[in-house]
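Here are a few exercises to work through with the model open in your viewer. Try each one yourself before you read the solution.

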Amino acid sequence: MENLGMVHQLMITVMGRKMTFNLDVIVMTWIVIGLLLLFGYLATRGKSLVPGRFQVVGELFVEQFFGLTEDALDKEMAKKYGPLICALFMFLVLSNWIGVLPHLHEPTKDLNTPLSLGIMGFFIAHHAGIRAKGFKGYAKEYFQPFFFMAPLNVIGEIAKVVSISFRLFGNIMGGSIIILVVSHLTYSILLPPVLNGFFGIFVGTIQAFVFTMLTVVYISVQVK
Amino acid sequence: MTMTPDIETWVRASAMVGAGLSIGFGAIGAAVGEGHTAACANSAISRNPALAGDIFKTMLVGQAVAESAGIFALVVAMILLFSTVSVFSWLEAAVLLSSGLCMGLGAIGSGVGSGFPAGAACIGTSRQPGMSGRLTTNMLIGSAVCQTPSIFALVVAFILIFTDFSARPLSPTWAAILGAGLATGFGAIGSGIGSGLVAETSCEGVARQPLAATPVTNVMLLGQAVSQTTVIYGILVSFILIFKAFEASSALAPAMALLSAGLCVGIGAIGPGMGIGAAAHGAVRWIARNEKSIGEVTRVMLVGAAVTESTAIYSLVVALVLVFVV
């Protein structure tokens with residue numbers, strides 16, 4: 001209980017600016033990336049028409065999220081954005097699940113991870129919008145329905161980044177706090193596995209899916 | 001002879017009042033939601049008495065999820081009552097009161113909201129017994145997402161309890177602490193009810209048109225996510241109020257500005273949260289009837305939600321002005 005909210009930090013000064021690194025989060029992110037690379041290697045090793053165990057899981061992910069991207073965008077654009085969406089979901093879902101294991105923490109519990117993914121999605125969506133409609137058509141959207149609505153439209157776009165990242169962060173952070181506090185109150189008898197199953201696996205999957213879906217929708221709103 | 005209570009008494013009193021407010025308000029939502037579920041289960045059983053056992057099970061599962069917001073409030077109340085307070089200051093008193101208020105208010109919406117999908121799932125089971133498994137899954141997903149606003153309230157309550165405010169000046173920090181609790185607490189009401197409305201029609205939709213179950217669930221998640229945008233504005237303002245160090249000032253105006261920033265974004269989020277929920281409620285209902293037009297319906301829902309949300313953005317802007325300018 002006492003170490004709630006404690007973070008291992010590394011502070012270095014670069015050109016007069018103090019930079020802070022959250023070491024735990026960086027290490028956990030590397031673990032997630034490593035596991036995903038290993039999964040990718042195992043899934044594609046010895047590809048065959050009759051898939052192996054890992055290939056089936058890989059195909060499941062790719063098929064689901066390609067289908068989803070195709071529904072929201074179109075076939076041509078799905079080829080471009082499908083891999084991104086699929087990778088985003090796989091990274092997020094593994095990040096949210098990893099806290100179930102002892103001594104490991106979800107990288108998404110730190111606001112920096114969801115916020116940077118949210119900002120990435122923001123830039124991708126707006127880049128896609130400019131590519132699809134040209135800069136003039138893109139800029140015109142901000143003056144809808146009236147020209148004086150422009151400042152509010154800009155705030156609305158920025159609010160999207162805030163909402164998408166805080167949603168993931170709040171859910172994962174809240175889940176881990178509840179697990180910690182309730183386990184502490186009940187002396188870790190009986191409840192922790194149930195709580196980990198609900199907040200770690202179930203809510204983690206749903207929130208990873210919601211984040212991915214919203215990223216696709218933000219791209220499709222800009223493109224259409 | 002009258003005795004003025006010392007600061008230690010005030011802090012203990014504030015912990016007790018906070019605990020009372022937490023579970024008191026927190027009990028409202030869960031009870032309303034569970035009652036609604038039971039009412040729907042009764043009407044479902046009278047339609048199809050042969051399935052009484054299945055419907056009863058669905059009702060209990062749904063009520064269990066609807067109660068979790070109330071349980072969060074109970075956890076916070078227990079912590080406020082039984083944790084040993086070591087710091088005795090006016091700021092600590094504000095923290096205890098504000099965290100209780102935040103969790104209590106924040107549990108109302110989620111409790112009421114997650115009763116809706118549970119009720120719709122009971123009625124759906126009576127109409128379409130073959131889909132009861134898929135309906136229960138859909139209900140569980142919908143109700144779990146409904147809990148998000150109360151989880152946000154819990155996060156803010158815990159951050160308030162565990163943040164060290166001892167180095168901050170008393171005024172205006174006390175107002176920032178109270179404002180932080182109110183922003184997320186009130187903000188969670190609308191979003192909780194709104195996302196419950198969305199989940200309700202998605203359960204109806206799955207029962208009405210089992211073939212459209214997957215798109216209905218997907219659009220439900222999208223609608224719920226959009227209706228929870230308003231509580232996220234609340235949590236944003238709460239974080240700013242908690243983590244920004246405000247300059248000491250004995251004047252009342254800066255303190256009141258911070259308190260009203262919290263109130264502004266919190267109360268301002270209630271209406272849009274429910275309104276966006278209503279927009280998505282309509283969208284999900286019609287996708288279940290006309291699956292082919294999913295693209296158009298979703299787009300209109302998102303645009304409608306964005307327009308509904310503009311009043312929440314106004315209150316966010318006013319709150320940010322109150323925090324940073326005034």
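**Exercise 1.** How many residues does the contact take from chain A, and how many from chain B? Then work out which helices of chain A supply its side of the contact.

*Solution.* Keep in mind that this is a predicted model. Start with the head count: chain A puts in 28 residues and chain B puts in 26 residues. Next, sort the chain A side by element: α5 (150-185) and α6 (191-223) of chain A each give at least two residues. The largest share is from α5(A), with 17 residues. Finally, look at the chemistry of that side: 21 nonpolar, six polar and one charged.

**Exercise 2.** Describe the fold of chain A, starting from its secondary structure.

*Solution.* First, list the elements: chain A has six helices and two strands. Walk along the sequence and you get β-β-α-α-α-α-α-α. For the dimensions, the C-alpha trace of chain A spans about 60 × 55 × 40 Å along its principal axes. Then check burial: 36% of the 224 residues of chain A count as buried. Last, take the contacts in chain A with a separation of 6 or more; 64% of them join residues 24 or more positions apart.

**Exercise 3.** Is helix α5(B) largely enclosed by the rest of the structure, or largely open?

*Solution.* Begin with the geometry. Helix α5 of chain B (residues 132-146) has 15 residues and reaches 21 Å from first C-alpha to last, close to the expected 21 Å. Now count: 12 of its 15 residues are buried, so α5(B) is largely enclosed by the rest of the structure. Among the buried ones are B:Leu135, B:Met139 and B:Cys146. What does the covering? The cover includes α6 of chain A, plus α2 (52-66), α4 (90-127), α6 (148-162), α7 (170-208) and α8 (213-227) of chain B.

**Exercise 4.** Place B:Leu160 in the largest nonpolar core, then decide whether B:Ile294 is buried or partly exposed.

*Solution.* The largest nonpolar core has 167 residues, and B:Leu160 is one of those with the most contacts inside it, as is A:Phe89. Leaving out residues up to four places away in sequence, B:Leu160 touches partners including B:Val95, B:Cys102, B:Ile177 and B:Ile242.

Now turn to B:Ile294, which is found in helix α12 (residues 294-324) of chain B. Being buried takes 20 or more C-beta neighbours. B:Ile294 has 19 inside 10 Å, so it counts as partly exposed. Beyond its neighbours within four places in sequence, B:Ile294 is in contact with B:Pro215 and B:Ile287.

Methods. Residues are numbered from 1 along each chain as its sequence is written. Chains are lettered from A and ligands numbered from 1 in the order in which they are written. This is a predicted model: local features need pLDDT of at least 70, side-chain atom pairs count only at pLDDT 80 or more; totals for chains, interfaces and linings use all residues. A nonpolar core is a set of buried Ala, Val, Leu, Ile, Met, Phe, Trp, Tyr and Cys residues joined through C-beta atoms within 7 Å. Two residues are in contact if their C-beta atoms, placed from the backbone, lie within 7 Å. Helices (H or I, at least four residues) and strands (E, at least two) are DSSP runs, numbered from the N terminus. Ala, Val, Leu, Ile, Met, Phe, Trp, Tyr, Cys and Pro count as nonpolar, Asp, Glu, Lys and Arg as charged, and the others, Gly among them, as polar. The expected span of a helix is 1.5 Å times one less than its number of residues.
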